[in-house]
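The following account concerns a ligand site and the nonpolar cores of a protein. The sequence and the structure are shown first.

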Amino acid sequence: MSKKIASVRGMNDILPAQSPLWQWLEARVAGVLAAYSYSEIRTPVLERTELFQRGIGEVTDIVEKEMYTFDDRSGESVTLRPEGTASCVRAAEEHGLLYNQTQRLWYRGPMFRYERPQAGRYRQFHQIGAETFGMDGPDIDAEVILLTARLWRELGLTEQVTLELNTLGDSDERAAYRDALVAYLSDHQDQLDEDSRRRLTRNPLRVLDSKDPSTQAVLQNAPSLLDYFGDATKSHFETLRAMLDQAGIAYRINPRLVRGLDYYNRTVFEWVTTALGAQGTVCAGGRYDGLVAQLGGKPTPAVGFAVGVERLILLLEQQLPELTPAAELYIVSSDATAALLLAEQLRDALPGRRVQCHCGGGSFKSQMKKADRSGANWVLLLGEDELAAEEVTVKCLADGQQQRMARAALATELGQWLAARN
Ligand code: ATP
Ligand code: MG
């Protein structure tokens, strides 16, 4: 026998037992996005490497060390997308979606990052995200946050997540702050952890969210970004806060929240949970007014967010009963053709019911065993007797009750019988 081939490390299969929960979640999220009139956009998983280098930023963790980048057969450097925003901007620009109009878009799909795999962190993972373009007021920031809050209500996760909010100011404000922060941290270099020392020259704001205790201590007395904001940034943030307050959305201001991607300005937010250990962020987003221009378009204000689907699934698994992918109706028969035709008749008559026809033969007894093991709720028996009488025996596997029904009246009678037992 030849050796078995395993999957690539950090890339997961979503197995039949898990896919009903994924489908349930995806349907609910799509429903919420529709309720806010967002339109779905689907972009390729592979893009030119330059898109992410320029979009996400050369000195971010993602571009520095997490991307799946390779040359294709013509020697062009391509990258498996590590996130959705840059692709979304690229596609919207390329197809003229940003020309003199506002857009509310959403996407879903796999993302790829070469990270150390652990619970809640994988090399292929899934995001559902939304991006809005052309709106510069705090109202759209508030809408995006209200949308995510509704997601948690819809998924029953309100108790598990809390909102953290911050503003990063505009790029000139950040640049002034950056200088002050670098000056301060340079004086305390010896007390910083290794990652933070590296970031000090390359991406100093990221030092702010270091988890290292010694770095944390140094940060206690670091200059605060708040002191560098002008009136426009301040009033944008204050109006957003007032809108959230009026809508009854609780949040915690976290001045250390800086996000790992370079393109954010002003509003940033994360929905976090304590239930998943270190991988606590289930949704992250914010404003990125500079990105469209950075990628070659006209300056266009933008706000968006992305949800980590695997982390939501982990949360949901902690509280939902297992959703079953099993059939509801299982057909057992001594006549394979008759069984197939009955199954077709049932699919016509009872749309939405999951019907499984036993295939592959076997005795009545072994077919019944398989029906039992399948997890189906009801068995429809089509033996010689039933075939001759043009009838079907319907058996409830939970209580063993059974009843014979005429084929001609099956659709109505069975519908009623099932409804009474649901
Ligand atoms: P983290 O700090 O956890 O690395 P991030 O800041 O890199 O997150 P974003 O790029 O903002 O994350 O992505 C948005 C969301 O996607 C995250 O909040 C998380 O839920 C999810 N996510 C990011 N990276 C991974 C991964 N490797 N595996 C699973 N989910 C991920
Ligand atoms: Mg990360």
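The paragraphs below treat the surroundings of the ligand and then the nonpolar cores.

The model is predicted, so that local features need pLDDT of at least 70 and side-chain atom pairs count only at pLDDT 80 or more, while totals for chains, interfaces and linings use all residues. Residues are numbered from 1 along each chain as its sequence is written, chains are lettered from A and ligands numbered from 1 in the order in which they are written, and side-chain values use heavy atoms, with hydrogens and water left out.

Around ligand 1 there are 15 residues, of which Arg113, Glu115, Arg121, Arg259 and Thr281 come nearest; a residue is near if one of its heavy atoms lies within 4 Å. A polar side-chain atom of Glu115 is found 2.7 Å from a nitrogen atom of the ligand. Side-chain N or O atoms of Arg121 and Arg311 lie 2.8 Å and 3.1 Å, respectively, from an oxygen atom of ligand 1. Strand E10 (281-287) is among the elements that give two or more residues to this shell, and E10 gives the most, with three residues; strands are DSSP runs of at least two residues and helices (H or I) of at least four, numbered from the N terminus.

The largest nonpolar core, a set of buried Ala, Val, Leu, Ile, Met, Phe, Trp, Tyr and Cys residues joined through side-chain atoms within 4.5 Å, has 45 residues. Buried means under 20% relative accessible area (1.4 Å probe, protein chains only). Leu181 is one of the residues with the most contacts inside this core. Helix H4 (residues 85-94) gives the most to the core, with five residues. A second, separate core of 43 residues includes Trp22, Leu240, Val303 and Leu316.

Definitions and conventions. A polar contact is a pair of N or O atoms within 3.5 Å; within protein, one must be able to donate a hydrogen and the other to accept it, and residues adjacent in sequence count only if both atoms are side-chain atoms. Buried means under 20% relative accessible area, exposed over 50%, partly exposed in between (1.4 Å probe, protein chains only).
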